Amino acid sequence: MIQLTVLVKRNPELSIDEFHDRWRAHGRMIAADPVFRRLMTRYEQHHRAVVDYRNGDTFDGMALQWYETYDDFRALLASDEYETKMAPDEAQLLDLEELVVIFTEPGEVFIP
């Protein structure tokens with residue numbers, strides 16, 4: 001199992017509220033697509049709390065994508081569905097140059 005963690009930065013053309021609404025729609029689109037569901041074991045969005053924006057405007061949330069193998073992730077990127085659905089949506093939704101991406105093993109829980 002491998003986990004993709006992305007610190008998400010919104011497209012600067014979107015307001016905070018507009019971004020969070022559109023990001024949730026992006027998640028529903030991913031969940032509805034059978035190719036994404038087959039290749040991705042789990043997909044989570046963690047939206048930044050509105051109260052936290054008073055501390056600055058660095059990131060807008062965090063996305064977690066779970067894959068059985070790194071090859072499943074690569075297969076998702078190579079799919080027609082990624083090219084026609086996910087990538088165009090990401091280009092409108094995100095500031096792609098400001099994302100922070102890291103692959104990790106599943107987290108270790110110390111306080112359940």
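Helix H4 is kinked at Met86, by about 35°. The kink comes shortly before a proline, Pro88. The model is predicted. H4 runs over residues 80-93, 14 residues in total. At 1.5 Å a residue, a span of 20 Å is expected for H4; the C-alpha atoms at its ends lie 19 Å apart, so the two values agree.

Met86 is also one of the buried residues of H4. The others are Tyr82, Glu90 and Leu93. An α-helix has 3.6 residues a turn, so residues three or four places apart point the same way. The partners of the buried residues of H4 are three helices: H1 (16-32), H2 (34-39) and H3 (70-78).

The strands form an open sheet of 4, ordered S2-S3-S1-S4. Pairing is antiparallel. Strand S2 (42-47) and strand S4 (100-104) are the edge strands, each pairing on one side only. From one strand to the next, the twist averages 15°. Within the sheet, S1 (residues 2-8) and S3 (residues 61-67) are joined in the antiparallel sense over 7 bridges. In this pairing, Leu7 stands opposite Met62 of S3.

Two of the helices contacted by H4 also pack on the sheet. H1 touches S1, S2 and S3. The direction of H1 makes about 175° with that of S2. H3 touches S1, S3 and S4. Its direction makes about 110° with that of S3. H1 and H3 thus each contact the sheet and the buried residues of H4.

Conventions: Residues are numbered from 1 along each chain as its sequence is written. This is a predicted model: local features need pLDDT of at least 70, side-chain atom pairs count only at pLDDT 80 or more; totals for chains, interfaces and linings use all residues. Side-chain values use heavy atoms; hydrogens and water are left out. The expected span of a helix is 1.5 Å times one less than its number of residues. The bend at a residue is the angle between axes fitted to the seven residues ending there and the seven starting there. Buried means under 20% relative accessible area, exposed over 50%, partly exposed in between (1.4 Å probe, protein chains only). Contact means heavy atoms within 4.5 Å. Two strands pair if DSSP finds at least two bridges between them. Axes are lines fitted to C-alpha atoms, for helices over the stretch in contact, and angles run from 0 to 180 degrees between N-to-C directions.
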